[in-house]
Amino acid sequence: MNGRTDGQTDGWMDRQMEEDWTDGQMERMGTMLLLRQRLVTAQALGFRTRCSPKPHPTITPSTPPYLPNLELLRFFSVMRMRIASSADSSSNNSQMIMADSGSSDEVAVICNTDITSTESENNIINTMVERGTALLKKMEISVAEADKRTGKNTVNMQETYTVYLIETRPAESVSEGGTPVAPDTLWRRYSEFELLRTYLLVTYPYIIVPPLPEKRAEFVWHKLSADNLDPDFVERRRVGLENFLLRLASHPVLSNDNIFFLFLTEEKGWREAVLETGFQDKADSRLKSLSAMFRVKNPDKRFTSLKHYSEDLSTVISQLLRIRARVADRLYGVYKVHGNYGRVFSEWSAIEKEMGDGLQSAGHHMDTYAASIDDILEEEEHYADQLKEYLFYTEAVRSVCKKHELIQYELEMAAQDLSYKKQQKEELETGTVRIFSLKGMTSKLFGQETPEQRESKVAALEQSIQEGEGALKEKNAESQEFVEKAWNDIERFKEQKEKDLREALISYAIMQISMCKKGIQVWSNAKECFNKM
Amino acid sequence: MSVGAPRGLASSGQKLITEILHPLSAAEEPLSPGHDVTISAEKDKQEPGLTNGTPLEISSPASASVLISRLQLDCELEADAHDPFGSGEPRDLFVTVDDPKKHVSTMETYITYRVSTKTTRIEFDLPEYSVRRRYQDFDWLRIKLEDSQPTHLVPPLPEKFVMKGVVDRFSEEFVDTRMKALDKFLKRVADHPVLSFNPHLNAFLTAKDLNKRQGLALLTKVGESVKNVAGGYKLRARPAEFCAMGEYLDTFSQKLGTIDRISQRILREQSEYLTELREYGAVYSAWAASEEQLQRPLEGVAGCVTTSCGALEDLSDNMSQDFLPVLREYVLYIESMKNVLRKRDQVQAEYEGRLEAAVLRKQEDRTPIPVEVEKCQDKVECFNADLKADWERWQRNKRQDFKQLLTGMADKNINYYEKSQAAWESLITLLQEKQTEDKTSDTN
């Protein structure tokens, strides 16, 4: 690595992007990454550092040279798309997009209809990555494995739970023959993911926070296990958790969150760090907003229609998933019964002379046909998972809408409160009673108050009014800020949804085509055997 | 109806083995034993043995049939590919059953079918005939054939009785299925070297009004009782080949039954799958209604699902209308064959019984063995020969029929998948077009 003598990093970094990295350089970069993590942790825990006082380190040219910063790390040259986790990388993925290379964004390989759905899913992930958040530009994230642990839970009972291995490694350039840097790893269990998400929900109420994969298996068709410890379920959950992390990492706002960064990098101190943020207090307010029944007089129409849309979407996707499960069940039955042909053809072939061979081989093909449904339906589960993600997303959307309503409600209440106070003051000043009140009547009946009393009341009211106006202004500003930020994210979400769902439909169509091709293949083979009878 | 030895058709051919009265038909009109065997020049090359006059055993009348059947066997093997029902020789009798029509009279409602015949045979006065027949008439024909040709296997008819409440006897499907079965029946009879010359068939094909004798049922019963007299004898030893036939038929019948059950189960599963699939497509349509950009893709998916539904329906219909009936008909065919085997057993038993009795008497009072016993022996040998010939022919036909049936089933399944695949592929092109459209508009 070329030495750096000054704080200027421009130009040098661009040059670095062209070059290849040796192992030594990789190693040094890894060290720097670690150092940086420590720095960030320190900041998160409230220690003052010589870096920027803000809790999250930002890129500043004035950053002392000996401390690693984002800009430095960003220069892990051309961004490598995340290849399908562990060993399943296929040649297709090597065609993937290189961000910063200036080429037009293309989601490759869709034209190749032999692509599997997992690859297609990775296309979605890769598409997200190509948008290029700062986080993703510097690290690859994956949930590589799952494992079982036993331990004592909160009520001191032994329990078995699953943990997931999160791997992070610097986004590396494609080095020829170079071994990839060993990733940093840590283990997390599902409840920690949940904690992370709750934190994010509370901290960013105007953001549609990506959902977690389901806690318990739902919408299962009969062959699928509903057991949380079932390896297939665990595997699908692993994929879902990885997807969750990547969605966070590619979100323009959430990817910069420090707690999220620590989640990926700090195994031990993370829980404390989260609690330190004090998000629990805000959590209550959020809960209130979600469960409260209040009527808003003037909600923003966009939010109302968005809320209705997300309710509709939730309903229709639930329906779809339910029926899909039933369809899967039935299809399974059709295929499996064909296996019986295999057996009877075999038995029949035993009493035949010339017809025997043809029948026997045809029988084998029928067995193959019957067995093929297992893989077909397993692949379809990926599609179901994609739909489920958006089903869960609708909840997040609704919660943002609800938050808006709450703010709006508070705003309206504040305005209402203020106007009431103003009226009161006016009444007191002019002596007219516009608002009927018992107090007013009794005072009329039983004697007026003294002018001094009245004056002090007016003064108190004026004070109150001023405070109220201040509060109203604040609330207004809060509401506007919320609406602006929220709507920003909503637009982003809409675009993401359109793209993802279309990809999902394409991959579903590809699955169907593959199923048809398999069917044609098997029956053609059987037909050949019949012809030889 | 003229009865006589068939004269050779005007074509090059050998001297025929003809004019041998069928031993078993002594009580009835003598019928011609053999089909015209015209061996064309081509086939001569392939069967040098016969044309060169390799000595054949013609020691007993039974051998005539053996010879004929052996010739048939060779010819038919070659003709297999082209002519599923063919006997390999040039066919001179073509029959078709079609054009079902409903007749309503005061007494009853029934369906008639048009039976068309084209032939060059001399037994027929005209080269073409067209008559209308109803199921009853076919039934009459079959009974007549069975009675007059007890040693031959008569093809089966479709089921006679249908539960009036359950099956609609006049529905298009039922009539169509039945018509196809009747057509097959008639074609098989027409192709049979012996049955096709039966005068009852001739009458069936040509007469304007089929003068079915009164007391048809009575006649049938009489015929049966005559045979039952012979059935009083016990069979000693059935020749191994007929045992094998019997066993084969039993097992085969069993397997066909299993296949029938499996097919029905598949149909049930497919029907339930279809129901769910329709609902599934509808949800996509409903979803499309609430979307903007995704509307077309979702509608597209709904459309593909609907297309698949239609294709699946076609497949199921085909299975229930074309596949299952043929299976069931073969089960009936097997029953017929078993009956013939039983009859053969009876004839053999009668012979053995009489022989035993005669031998005993000879030992007692030196009475020579009566001619009847010899005649019985002839009967047995003739029956055996006929049966074997028919068996071979039946096996061949069975092979052809099932080859056709199963390849047909495979074809229908392939069709189903092809239709479905085409629909999904066109959806993908649609979706990908849209994608590139959007992408170019994004980058612009």
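The following dialogue shows how several features of this predicted model may be read.

Colleague: Let us begin with the two chains. How many residues does each chain bring to the contact?

Modeller: Chain B contributes 56 residues and chain A contributes 60 residues. Between them the chains bury about 5,800 Å², and 71% of that area is on carbon and sulfur atoms. On the side of chain B, the residues that lose the most area to chain A are B:Tyr280, B:Trp287 and B:Tyr417, which together account for 13% of what that side buries.

Colleague: How should I read the length of a helix, with helix H7 of chain A as the case? What span should its residues have, and what is the distance between its end C-alpha atoms?

Modeller: The expected span uses 1.5 Å a residue. Helix H7 of chain A runs over residues 231-249, so its 19 residues should span 27 Å. The end C-alpha atoms of this helix are 27 Å apart, which agrees with the expected value.

Colleague: Is H7(A) largely enclosed or largely open?

Modeller: A residue counts as buried when its relative accessible area is under 20%. In H7(A), 15 of the 19 residues are buried, so the helix is largely enclosed by the rest of the structure.

Colleague: Let us apply the idea to a single residue. Is A:Ala171 buried or exposed, and where does A:Ala171 lie?

Modeller: A:Ala171 counts as buried because its relative accessibility is 1%. This residue lies in the loop between strand E2 (158-170) and strand E3 (184-189) of chain A. A distance can also be read here: A:Ala171 and A:Phe279 are 108 residues apart along the chain, and their C-alpha atoms are separated by 31 Å.

Colleague: Next, the backbone angle phi. What sign does phi have in most residues other than glycine?

Modeller: Most residues other than glycine have a negative phi. In this model, A:Asn156 has a positive value, near 60°. A:Asn156 is located in the loop between strand E1 (139-152) and E2 of chain A, and it counts as exposed because its relative accessibility is 57%.

Colleague: What is phi in B:Asp99, and where is B:Asp99 found?

Modeller: Phi of B:Asp99 is near 55°, again a positive value in a residue other than glycine. B:Asp99 belongs to strand E1 of chain B, residues 93-104. Its relative accessible area is 27%, so B:Asp99 is partly exposed.

Colleague: We may now turn to the spaces in the model. How many cavities of 30 Å³ or more are there?

Modeller: A cavity is a space where a 1.4 Å probe fits but cannot get out. The structure holds 18 cavities of 30 Å³ or more. The second largest cavity contains about 170 Å³ of space. Its lining has 18 residues, and the closest to its centre are A:Gln512, A:Met515, B:Tyr273, B:Leu277 and B:Ser308. Among the elements that give two or more residues to this lining are helix H14 (451-531) of chain A and helix H8 (240-289) of chain B. By class, the lining has 14 nonpolar, 3 polar and 1 charged residues.

Colleague: What volume does the second largest pocket have, and which residues lie nearest its centre?

Modeller: A pocket, by contrast with a cavity, is an open set of points. The second largest pocket has a volume of about 950 Å³. Of its 35 lining residues, B:Thr177, B:Ser320, B:Gln321, B:Pro325 and B:Val326 lie nearest the centre. H9(B) gives the most to this lining, with 12 residues. The lining of this pocket comprises 16 nonpolar, 7 polar and 12 charged residues.

Key:
Residues are numbered from 1 along each chain as its sequence is written. Chains are lettered from A and ligands numbered from 1 in the order in which they are written. This is a predicted model: local features need pLDDT of at least 70, side-chain atom pairs count only at pLDDT 80 or more; totals for chains, interfaces and linings use all residues. Side-chain values use heavy atoms; hydrogens and water are left out. Helices (H or I, at least four residues) and strands (E, at least two) are DSSP runs, numbered from the N terminus. Buried means under 20% relative accessible area, exposed over 50%, partly exposed in between (1.4 Å probe, protein chains only). The expected span of a helix is 1.5 Å times one less than its number of residues. On a 1 Å grid over the protein atoms alone, a cavity is a set of points where a 1.4 Å probe fits but cannot get out, and a pocket is an open set with protein on both sides within 12 Å along at least five of seven lines; lining residues have an atom within 4 Å of a point. Grid points are joined across faces, edges and corners, and a volume is the space filled by probe spheres set on the points. Ala, Val, Leu, Ile, Met, Phe, Trp, Tyr, Cys and Pro count as nonpolar, Asp, Glu, Lys and Arg as charged, and the others, Gly among them, as polar. Contact means heavy atoms within 4.5 Å. Buried area is the accessible area (1.4 Å probe) that two parts lose on being put together, summed over both.
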